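This report covers one chain's make-up, a pocket and a nonpolar core. Please have the sequence and the coordinates open while reading.

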Amino acid sequence: MAAALNVPLTTSTTTVTTIPQMTKGEEKVDYLNLPCPIPYEEIHREALMSLKPELFEGMRFDFTKGLNQKFSLSHSVFMGPMEIPSQSSETIKIPAAHYEFGANFIDPKLMLFGRIMTDGRLNARVKCDLTENLSLKANSQLTNEPHMSHGMVSFDYKGKDYRTQFQLGNGALFGANYIQSVTPHLSFGGEVFWAGQHRKSGIGYAARYNTDKMVATGQVASTGLVALSYVQKVSEKVSLASDFMYNYMSKDVTASFGYDYILRQCRLRGKIDSNGCAAAFLEERLNMGLNFILSAELDHRKKDYKFGFGLTVGE
Amino acid sequence: MASQPRRGGVSLPERRAAKSDSNGSIISKLSGSPIVSRGRQAASDAVLVTRKLLKSTGKAAWIAGTTFLILVVPLIIEMDREQQMNELELQQASLLGTPPQPQK
């Protein structure tokens, strides 16, 4: 007999989160209570996350082991061709392999991060909250080759609805930036920098408009860079991003479009460029703590095709 | 014959002047006539153009095909898996989540 099983589908409603609708009465903006803007260097964060995944060529293996709640060690192996920057248009690749050992210490107030490679390069990062509003960040990269090491220290101050940052780097590099929220959705910022070694200085401005569904940013700098980006969150799992970069000094134009699918078992990012480059990056969760990574990049103009695979173990 | 200057990178082969053959059979006279020679010329031009068109279509198809393979195929595979998992979960939930209904 045809029995109509009216099974209430309870699972479908629990996975959908409803965004509370703002009534017309709540639209009055309280200009004294604006949210704190995101840091100046992360202004393109959403676009960068979607459009610039860490593409690689070769094999990569990362193992992270937590010894403590705060301390963890990491081992990482990379084997594959490395590109040598060459003057001619041909890209020269030589096969290389290296092992990298690292240690992380993560505390709410202090974060230490260090990596050392078999070719003698040391990478270190420190992030320390000196007070509730002031924090110190430092990072340095030391190499065996002379004059190739560099380090940078920055002090960040977080105000009620603004942030400022002051940076000092080696080679007499000074930089400062400031970003302020103007409305709950819009924030403006500016930066200046001075490089003593190269005798260059520059000034730049940036603006960011974000709502729940989209983020639009624009940045102009006196080094000739104009960068605009737009990210739209189409649904909970999918977001589409587009980016436009123009250098008015060297007359270089690049536009790129990409998508970012965050599904339960995997994260897939794909992008296509106006330089004739198509790239895709897939991170698939095989098991708890085990991630499988695939990366592909096709450059049709230079006929350079790069494919990589890897495995990431650890939380 | 005067050689023509090459313009651009592509130029069709030089046209031979039509030779009119007065002494000889009807066939040779016919094959030497201007209509036939022009027809022959047009046929070889058509072959050349078709070859170039095929080559550029082939190149475009290769670029489109490999880009589709990299950008779209993983997406289809992952979305399919997600859908299968959703169906499985739905089935599991309907099996475990609700008390067994008496079948009429």
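The text below describes a predicted model, taking chain B, the largest pocket and the largest nonpolar core in turn.

**Chain B**

Chain B contains 3 helices and 0 strands, in the order α-α-α along the sequence. Its length is 104 residues, of which 11% count as buried. The exposed area of chain B is about 8,900 Å², with 64% of that area supplied by carbon and sulfur atoms.

**Largest pocket**

The volume of the largest pocket is about 1,200 Å³. Its lining consists of 34 residues, and those closest to the pocket centre are A:K52, A:P53, A:E54, A:L55 and A:R60. The table splits the lining of the largest pocket by residue class.

| Class of lining residue | Count |
|---|---|
| Nonpolar | 13 residues |
| Polar | 7 residues |
| Charged | 14 residues |

**Largest nonpolar core**

Which residues make up the largest nonpolar core? The 8 residues are A:V238, A:Y259, A:Y261, A:L263, A:C266, A:L268, A:L282 and B:L75. Two strands of chain A, β15 (252-262) and β16 (266-273), each supply at least two residues of this core. As a general background, nonpolar side chains tend to be buried together in soluble globular proteins.

One of the core residues is A:L263. Which residues does A:L263 contact, leaving aside its neighbours within four places in sequence? They are A:K237, B:E78 and B:E82. Chain B thus appears both in the core, through B:L75, and among these contacts of A:L263, through B:E78 and B:E82.

Conventions. Residues numbered from 1 in each chain as written. Chains lettered and ligands numbered in written order. Predicted model: local features only at pLDDT ≥ 70, side-chain atom pairs only at ≥ 80, totals over all residues. Heavy atoms only, no water. Helix = DSSP H or I, 4+ residues; strand = E, 2+ residues; numbered from the N terminus. Buried < 20%, exposed > 50% of the residue type's maximum accessible area, 1.4 Å probe, protein only. Areas by Shrake-Rupley, 256 points an atom, 1.4 Å probe, with all protein chains shown as cover. 1 Å grid on protein atoms, 1.4 Å probe; cavity = no way out; pocket = protein on both sides within 12 Å on 5 of 7 lines; lining within 4 Å. Points joined across faces, edges and corners; volume = space filled by probe spheres on them. Nonpolar A, V, L, I, M, F, W, Y, C, P; charged D, E, K, R; others polar. Core = buried A, V, L, I, M, F, W, Y, C linked by side-chain atoms within 4.5 Å. Contact = heavy atoms within 4.5 Å.
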